[in-house]
Amino acid sequence: MDVLMTVLGILIFVVGLLFSIAWHELGHLSTAKMFGIRVPQYMVGFGRTVWSRRKGETEYGLKMIPLGGYIRMIGMFPPGADGRITQRSSSPWRQMIEDAREASYEEIRPGDEDRMFYTRKPWKRVIVMFAGPFMNLILSVVLFFGLFMGIGVQQQVPVVSSVSACVVKAGEPVDNCPAGAPKSPAAAADLQNGDRFVSFDGHPVGDYRALQALIRESAGKTVPVVVERNGQQVTLTPTIAVNTLAAVDRDGRPIKGRTVEAGFLGFTPAVAVHHMGVGESAEEMVTMAEHGVSSLVDLPGKVPGLWNATVGDAPRADDSPIGMVGAARISGEIFAMDLPATQQLSMFVNVLAYINLALFLFNMLPLLPLDGGHIAGALWESIRRHTARVLRRPDPGPFDVARLMPLAYVVAAVFICFTALVMAADIVNPVRIN
């Protein structure tokens, strides 16, 4: 049964990924057609064509490898400096440029002179290239808001699930108290399972994250704590211990490998499903975006650890980059877990939403062949032409993005190598749900 559910989870992930890719390319397709650019092909996937059908002037199809997609727009690059489409040279770099230029003119037909991508104003080209990643952002927001407000998320709440018998440092087992370990402040103050915190040192308690911060800031102090127990409010006066605890970030998440001296009360919070409001969901979405940006910035620094985890004996870090193979594997694990269906759905939606957010952020990098590279080229052209008008100089004409193709090949090669490394790591040393 577990194998069947794992396979089902992987298949559902593949369907979700294909929809995300198709949705992305639909953004490019719809805006290109809106601005009169001819689009001969709309394809989901790479490699051999599995299915295709022509409707109007566009061929719609599905390819074998579901790891991307594309639309083919005619005239992506302007002609060469001599007005010709191709200008052959013995230089390998020049050949790269002209091969790319020639490919963008392969399907030109009579009457297409005014339907080429490069002939559109820069702001229109920006919209066409931004529309794809923006569709991923829209899908990510819809999924996250549906998760936060509809399905709900499991959160630690300011309710006592269990009380620690003694004070132990971060990383030490808590099942059995070591000899000589002092009694925990919670146990000494008679905090009980099921107690709901009402206030801490005069501060109203609304969520566990705020309570955690108050406890950590009160090391060595004796503070009044009001809890609700069996429908009545009870006041306790624990003396907060000073203890070595795991450091946490501003969102209350533990920072791996870092400890701090902070206040310790000694209880485990309960976990409950929480349905957020619109404002809280928006704040959480911003937090997710910030984490996505920081993860993207930190990506190069994680390559050595990823390499050691793949070809060596090093453990795979919990925050290690994962690819589509790893995400599919995690989706399979989610559906194979012995959890309520709502929790499985919540975890799967979270995975798919974050992938769409990552696709948006990644594609916005100002590097060819990514969408952000074409956006940067169009913006640079706009700046050049506007500056020329202000200074009353001749129009410099379209910016020839094709000149950047050698760099684009280098970037693509780096991306391919990184993708291969991540895929290998996801197979031989995968990240697992803990």
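**Two cavities and a helix**

Trainee: By class, how many nonpolar, polar and charged residues does the lining of the largest cavity have?
Mentor: In this predicted model, local features need pLDDT of at least 70 and side-chain atom pairs 80 or more, while totals for chains, interfaces and linings use all residues. Numbering runs from 1 along each chain as its sequence is written, and side-chain values use heavy atoms, without hydrogens and water. The lining (residues with an atom within 4 Å of a cavity point) includes M76, F117, R125, H374 and E381. Counting Ala, Val, Leu, Ile, Met, Phe, Trp, Tyr, Cys and Pro as nonpolar, Asp, Glu, Lys and Arg as charged, and the others as polar, the classes come to 8 nonpolar, 1 polar and 2 charged.

Trainee: Which helix gives the most to that lining?
Mentor: Helices here are DSSP runs (H or I, at least four residues), numbered from the N terminus. With 3 residues, the top contributor to the lining of the largest cavity is helix 10 (residues 371-390).

Trainee: What is the volume of the second largest cavity?
Mentor: The whole structure holds 2 cavities of 30 Å³ or more (spaces on a 1 Å grid where a 1.4 Å probe fits but cannot get out). The largest has about 70 Å³. The second largest is lined by A189, L191, F197, V225, L236, P238 and L265, which divide into 7 nonpolar, no polar and no charged. Its volume is about 40 Å³.

Trainee: How far apart are the end C-alpha atoms of helix 11?
Mentor: Helix 11 (residues 405-428) has 24 residues, so at 1.5 Å a residue it should span 34 Å. The model agrees with that, because the end C-alpha atoms are apart by 34 Å.

Definitions and conventions: On a 1 Å grid over the protein atoms alone, a cavity is a set of points where a 1.4 Å probe fits but cannot get out, and a pocket is an open set with protein on both sides within 12 Å along at least five of seven lines; lining residues have an atom within 4 Å of a point. Grid points are joined across faces, edges and corners, and a volume is the space filled by probe spheres set on the points. Helices (H or I, at least four residues) and strands (E, at least two) are DSSP runs, numbered from the N terminus. The expected span of a helix is 1.5 Å times one less than its number of residues.
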